[in-house]
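Student: Before we start, could you go through this model with me, so that each label is set against the rule behind it?

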Amino acid sequence: MSLIKKAFTALYPEKEFNYISKIKYSGKFSDFNANIRRQGNFIEIGLSKKWKDIGEEIKIGLIQHLLMRMFKQKKSTLYTELYESFVRNLSKYTPITKTDPMLKESFDRVNIKYFNELMDLPNLRFGQASIRQLGAYNYHNDTITISTILKDDLNILDYVMYHELLHKKESFQSKNGQLRYHTTQFKALEKQFENWQEIEAKIKQLVRKKKVKKNFIKNFFPL
């Protein structure tokens, strides 16, 4: 029995598995990433090569998460719980290979002031000049990625760094197979950042300013 069929049958025991299925491991994915696509009765799941040596039960949990996303249903199983526990603990075994000096200084400031220097250093990198996503924490490879538009404002940079470190510290909660990242506890901790309301206002101004500049370039210097 294929792994996808096992995951489907355990997730939906009342349904028949009427699909042709395939798992494809690829080096194009970032660490422990995955996706799912369906065309008619064909289901293909793409997995990072990092998944090859991981136990079957954890992979079944991952596949069940992908199936629930595809079928837009929420459910919790022993397998999904095993997968979620695995993801929560990945940062303990992830090597630190990317440490941008500017972001390391931000991490140190935030770690000293808000975490009593108890946070372990994650991978730190600048991404694109995004105004839609100022920061992101990837649980799969213990990496914080920050938009380059924050390089000119250290207060905002530290605030976004704090936000992403909270994701690393607080992890996520799961209910019926749905992962929740911005919990009530998370939002309460976020407001402990000094002058957070002023910084939120500055972020809105910065994003608005960048949008205006972007639209100006688009309208007057079309590609």
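Student: Why does Asn-116 count as exposed?

Tutor: The relative accessibility of Asn-116 is 60%, and the term exposed is kept for values over 50%, so Asn-116 counts as exposed. Please keep in mind throughout that this is a predicted model. Asn-116 lies in the loop between helix 4 and strand 4, and although it is not a glycine, it has a positive phi of about 55 degrees.

Student: What makes a positive phi worth pointing out in a residue that is not a glycine?

Tutor: Most residues other than glycine have a negative phi. Phe-32 also departs from that pattern, with a positive phi of about 60 degrees although it is not a glycine, and its place is in the loop between strand 1 (20-26) and strand 2 (34-39).

Student: Is Phe-32 buried or exposed, and how do you know?

Tutor: The relative accessible area of Phe-32 is 10%, and a residue needs to be under 20% to be called buried, so Phe-32 is buried. The same reasoning applies to Glu-44, whose relative accessible area of 14% is under 20%, so that Glu-44 is buried. Glu-44 sits in strand 3 (residues 42-48), and, leaving aside its neighbours within four places in sequence, it is in contact with Lys-22, Lys-24, Asn-35, Ile-36 and Arg-37.

Student: Which sheet does strand 3 belong to, and what makes strand 1 and strand 2 its edge strands?

Tutor: Strand 3 is part of an open sheet of three strands, with the order 1-3-2 and mixed pairing. Strand 1 and strand 2 each pair on one side only, and that is what marks them as edge strands. From one strand to the next the twist averages 15 degrees. Strand 1 and strand 3 pair in the parallel sense over seven bridges, where at least two are needed for a pair, and in one of these bridges Lys-24 has Gly-46 of strand 3 as its partner.

Student: What lies across this sheet?

Tutor: Helix 1 (residues 3-11) lies across strand 1 and strand 3, running at about 120 degrees to strand 1. Helix 2 (residues 56-71) lies across strand 1, strand 2 and strand 3, and runs at about 50 degrees to strand 2.

Student: Which residues of helix 1 are buried, and how do you know where they sit around the axis?

Tutor: The buried residues of helix 1 are Leu-3, Ile-4, Ala-7, Phe-8 and Leu-11. They cover an arc of only 135 degrees around the axis, and therefore they are on the same side of helix 1. An α-helix has 3.6 residues a turn, so residues three or four places apart point the same way. The buried residues of helix 1 pack against strand 1, strand 3 and helix 2.

Student: Why are helix 1 and helix 2 called roughly perpendicular?

Tutor: Helix 1 and helix 2 pack at an angle of about 70 degrees, with their axes 9 Å apart. Angles of 65 to 115 degrees count as roughly perpendicular, and therefore the term applies to helix 1 and helix 2. Their crossing is right-handed, and among the residues that meet are Leu-3, Ala-7 and Leu-11 in helix 1 and Ile-60, Ile-63 and Leu-67 in helix 2.

Student: How do you know the direction of helix 4 relative to helix 5?

Tutor: Helix 4 and helix 5 pack at an angle of about 70 degrees, with their axes 9 Å apart, and since 65 to 115 degrees is the range for roughly perpendicular, helix 4 and helix 5 are therefore roughly perpendicular to each other. Helix 4 passes helix 5 in a right-handed crossing, where residues including Leu-103, Phe-107 and Val-110 in helix 4 meet residues including Leu-157, Met-161 and Leu-165 in helix 5.

Student: What makes strand 4 and strand 5 the edges of their sheet?

Tutor: Three strands form an open sheet in the order 4-6-5, with mixed pairing. Strand 4 (123-126) and strand 5 (135-138) each have a single partner strand, so one side of each is left without a neighbour in the sheet. Strand 5 and strand 6 (residues 143-146) run antiparallel and are joined by four bridges, and Asn-138 has Thr-143 in strand 6 as its bridge partner. Helix 4 (residues 101-114) lies across strand 4 and strand 6, at about 125 degrees to strand 4. Helix 5 (residues 154-170) packs on the sheet and touches strand 4, strand 5 and strand 6, its direction making about 25 degrees with that of strand 5.

Methods:
Residues numbered from 1 in each chain as written. Predicted model: local features only at pLDDT ≥ 70, side-chain atom pairs only at ≥ 80, totals over all residues. Heavy atoms only, no water. Helix = DSSP H or I, 4+ residues; strand = E, 2+ residues; numbered from the N terminus. Contact = heavy atoms within 4.5 Å. Axes fitted to C-alpha atoms, helices over the stretch in contact; angles between N-to-C directions. Buried < 20%, exposed > 50% of the residue type's maximum accessible area, 1.4 Å probe, protein only. Arc of directions from axis to C-beta. Parallel < 35°, antiparallel > 145°, perpendicular 65-115°, else oblique. Left-handed = near helix turned anticlockwise from the far one by under 90°.
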